[in-house]
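User: I would like to learn how to read burial, helix faces and sheet pairing in a model, taking one feature at a time. Could we begin with a single residue and work outwards?

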Amino acid sequence: MKNEFLKQISAYFPSVDYCSFRFVNKYTNIVSVTRNVLEPIEILEDEGVMVTIIHNGGYGYGASSDLTREGILKAIEEAKKWAEYSSGKLVHVPHPPSMRTDDGKYFTHEKDSWAKESNKDKVDYLMQINKSLKSKPTISNWGASFRYNKIETLFTDTNGSDIRQNISYILPQLVACAEYKKQIQTRTFGGHAHARQIGYNFLRDSDLITKAEQIANDAIELSMAPNCPDSKMDALIAPDQMILQIHESIGHPLELDRILGDERNYAGSSFVNLDMFGEYKYGSDKLNISFNPNQESELATYNYDDDGTAATKKYLIKDGILERPIGGFYSSQRVNQDYVACSRATSWNRPPIDRMGNINLEPGESSFSEMIASVEDGILLETNNSWSIDDYRNKFQFGCEKGTVIKNGELKSVTKNPNYRGITKEFWHNLSMVGDETSFSILGTANCGKGEPNQTIFVGHATPPCLFREIDIFGGE
Amino acid sequence: MRDYFENIAQKLFKHIQKDEFLILNFDAEVSNFVRLNKAKIRQPGNVKQISMSLSLSNRDKRNLKSYVRLNGSFDKDLSTLIKTLNYLRRELPDLPKDPYLLFSKSVQSTEVSDDKKYINDEENLDYILPKIASLDLVGIYSSGYIYTGLANSLGQFNWHSDYSFSFDYSIYNENNNAIKLNYSSKKWNNEEFETNLDQGIKKLKILSQSPRTIPKGEYTVYLEPSALNEIIDMMSWGGFSYKANKIGTSPLHLLSKGEKTLHASVSIDENIKGGISANFSSDGFIKPDVINMIKDGEFTESLTSPRSSLEYSVAHNASSISEYPYSIDMRAGAIDDDAILSTINNGLYISNLWYLNFSDRNNARMTGLTRFGCFVVENGQLTAPINTMRFDDSVYSMLGENLIGLTSNRELLIDSGTYEERSTSSARLPGAVVDNFKMTL
């Protein structure tokens, strides 16, 4: 159907300076078992088209789920109407690309396809995981779910470009809560961190039954553990918390549309300004951050963004120096900066804006045991459960599910409610050791919110564990 | 749109087999979105979307649900829906029984229709753009229809349609300090908009003084309704949910168990009648007009979904499966607007809080930051804006022992959120004067 769609849609191109059609078909399937009971299975199918027109100094879009001839013509009419209205009133007049992309393609490799596994088999697996989660009587709440998303995008424009991409990803979520003296502690696996472009085999290979038992034991141990101490100490941050740290205090502040003020009414601005690129020392020499849309199986791997820009790896921060922003083809025109292929939309019904793709912290040279051994007084922080940062992406406070005290180079007791706070401008200068290739974890989060109208999108982060010196750590009440 | 939904539902129900029960939930929206930055247009456009979910269950209490996007073209959509129905029917026998499946079996049809269009977006923008030309304004103007419907194979039909607009915006000064404003209604009025804008401009003038960095510590603060709304919103992350309170993941589980109390002046209702969201649940139950969730500082009633009612053998109050409030209504207090500054005397005036999250969920302790329009108050006067500060405090302190009082005036805050679709949530709240409010960074 899709190739025919591209052929048919070309006939609809209006006579304007530039027009693109972006057709999106999304399929979502969520299977959840909570406390040994199957929740209503969710199947969501969504499709529609966004027509974007740039004409005579104006810009407008029309988006519709009506894919009949009349529906598409109406969407074109709306896009034309808004392009006409906005002519002479735009904060920036976009200059469309002149390049044509022939037969652009990208497909996620699903070794074992989600569709081939029956609902019954998925439910049976989740029931087994539930049993493993409820392995002890003190577990007060438990559950597990699998979420599968498949997004097919077709893009064509008046340059004659023709791009087809199929991205699919899987997200497992396990949760176990334990209660002790009316205090509840929660431990999870998956959730915010473990979404990947991968097949159903990922769920089998991850040995989720053993993982379930581990997090249940962790929750019980945490429920009886003391609160994390309040102190300035070293923090060894595990990959499933590092991704949040990278996301909030590097990814968002480097988004060019924030720097240009588009997000000031909603998601916020940035402490980064245009003069900093090429000069500003963002962190220690060990800090290397890439925009890498080519990392296999990572969540935001693709060959083209939603404006049709070809995607390649570029460094954002190299040896601690800020090199370039996360700005797409059109944003970069506003400031004459280099661009990355980061113009992305949540679906057919929202326009592309500057988004993170895969924002990765490149591996260093330290083994995990070397990092532990180097800590005299510190804490290992695992799995994010709370995040808060100011609208300039500077003052942050993050919480984790589990803290493990490190004393004289050895892991010691577990502590509950570990939190830490800091200031982005200072924090990354305290990066003293970066984990090596063996500890480099490919992770991703499925729900990053931004934009007006609002959009959530999936974002990849790959990172090793990292050691930071002298961090302000504290616990709960 | 209403007739389209009713007609297609009737056709689809003819395909139901004996012992099957089908419930349809309909959502549609036709919206214009005009994004602004630096008082000029950034991205303008139109979105039309129609969707329907089909929930099929059988006598064995097996159930499966599918959500599909529709074209709005009757024959094509009917064909898609019949295919979806057949898929659900095929899959149903392989699924386990759902012990918590509960749908309304008594037919209660309702209809609230607001199909009159009073808004011309281009005319409004023609009025707005010259008025704001000298300002550094950023935000979004959105408007249009929102439709919600329900039909089931027993003959129940519910419909809710609404036409409204929201202009959610901020105005900035040269120091990057800003005031956040919102003008939302069903009918545009130039004078009302100008009053809204002028109030913001007046406040922005006070922000033009050099911002002050305040030390961490405890302050007497006034939280405007929009700042208090952020705290209530965090409390709502499971706080009013029967299930979350039962399993202990609710931030208010100690309040719900009677182990903690709030200040006696705190009463919070779910007031569907006073809000703008539909009064029927996706299961077909009609929501009560008002649910008293907290009364005089004590937890009185949870939001309980039909699923929770079967799991825990309690009565439900037609709450959604998330057991999240949609129309918060907090009782007013006794502090008049002109007494707010004198009540603070020396402290902080906080118009807006931002990016809240829990630092200790068990104890309802949360953190977040000051953002738009926050000032130092000295001797009962606003004296200077403050640089961003982080707070970290517990609900049991802020709305408990440290609550000085609530204002007699309340504001209706309509959620300007547009994730997936335009929100119909709202909150009617007073402001709050709080002592010993903890600033940490």
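Analyst: This is a predicted model, and a good starting point is Leu236(A), which is buried because 25 other C-beta atoms lie within 10 Å, where 20 or more are enough for that label. Leu236(A) belongs to strand β9 (residues 231-237) of chain A.

User: Which residues is Leu236(A) in contact with, once its neighbours within four places in sequence are left aside?

Analyst: The contacts of Leu236(A) beyond those neighbours are Met371(A), Ile372(A), Val375(A), Gly378(A), Leu380(A), Ile406(A), Pro465(A) and Leu467(A). Separation in sequence and separation in space should be read side by side: Leu236(A) and Leu431(A) are 195 residues apart along the chain, while their C-alpha atoms are 9.8 Å apart.

User: How many C-beta neighbours does Gln185(A) have inside 10 Å, and is it buried or exposed?

Analyst: Gln185(A), placed in strand β8 (residues 183-190) of chain A, counts as buried because it has 25 C-beta neighbours inside 10 Å. Leaving aside neighbours within four places in sequence, its contacts are Cys177(A), Ala178(A), Ala219(A), Leu222(A), Ser223(A) and Lys416(A). The C-alpha atoms of Gln185(A) and Val340(A), on the other hand, are separated by 41 Å, with their positions 155 residues apart along the chain.

User: Which residues have the most contacts inside the largest nonpolar core?

Analyst: The general idea is that, in soluble globular proteins, nonpolar side chains tend to be buried together. Here the largest nonpolar core has 241 residues, and those with the most contacts inside it are Val49(A), Val51(A), Ile170(A) and Ala176(A). Strand β7 (residues 162-180) of chain A supplies the largest share of this core, nine residues. For Ala176(A), the contacts beyond four places in sequence include Leu133(A), Ile139(A), Trp142(A) and Ile215(A).

User: Why are the buried residues of α2(B) on the same side?

Analyst: Helix α2 (residues 74-91) of chain B has 18 residues and reaches 26 Å from its first C-alpha to its last, close to the expected 26 Å. Its buried residues are Asp77(B), Leu81(B), Thr84(B) and Leu88(B). They lie on the same side of α2(B) because they cover an arc of only 60° around the axis. Asp75(B), Ser79(B), Lys83(B), Asn86(B) and Arg90(B) are exposed on the other side, while the buried residues pack against α1 (2-13), β2 (40-58) and β3 (63-70) of chain B.

User: What is the corresponding picture for α4(B), and which of its residues are buried?

Analyst: In α4(B), Leu197(B), Gly200(B), Lys203(B), Leu204(B) and Leu207(B) are buried. Because they cover an arc of only 125° around the axis, they fall on the same side of α4(B). On the other side, the exposed residues include Glu191(B), Asp198(B) and Lys202(B), and what covers the buried ones includes α3 (121-132), β6 (157-172), β7 (178-185) and β17 (381-385) of chain B.

User: Finally, what is the order of strands in the open sheet of chain A?

Analyst: Strands of a sheet pair through backbone hydrogen bonds, either parallel or antiparallel. The open sheet of four strands in chain A runs in the order β12-β11-β10-β15, with antiparallel pairing. Its edge strands are β12 (321-322) and β15 (359-361) of chain A, each of which pairs on one side only. Between β10 (residues 289-291) and β11 (residues 314-318) of chain A there are three bridges in the antiparallel sense, and Ser290(A) has Tyr315(A) in β11(A) as its bridge partner. Helix α6 (residues 239-251) of chain A packs on the sheet, where it touches β10 and β15 of chain A, and its direction makes about 115° with that of β15(A).

Note on methods:
Residues are numbered from 1 along each chain as its sequence is written. Chains are lettered from A and ligands numbered from 1 in the order in which they are written. This is a predicted model: local features need pLDDT of at least 70, side-chain atom pairs count only at pLDDT 80 or more; totals for chains, interfaces and linings use all residues. A residue is buried if 20 or more other C-beta atoms lie within 10 Å of its own, exposed if 12 or fewer, and partly exposed in between; C-beta atoms are placed from the backbone. Helices (H or I, at least four residues) and strands (E, at least two) are DSSP runs, numbered from the N terminus. The arc is that of the directions from the helix axis to the C-beta atoms. Two residues are in contact if their C-beta atoms, placed from the backbone, lie within 7 Å. Two strands pair if DSSP finds at least two bridges between them. Axes are lines fitted to C-alpha atoms, for helices over the stretch in contact, and angles run from 0 to 180 degrees between N-to-C directions. A nonpolar core is a set of buried Ala, Val, Leu, Ile, Met, Phe, Trp, Tyr and Cys residues joined through C-beta atoms within 7 Å. The expected span of a helix is 1.5 Å times one less than its number of residues.
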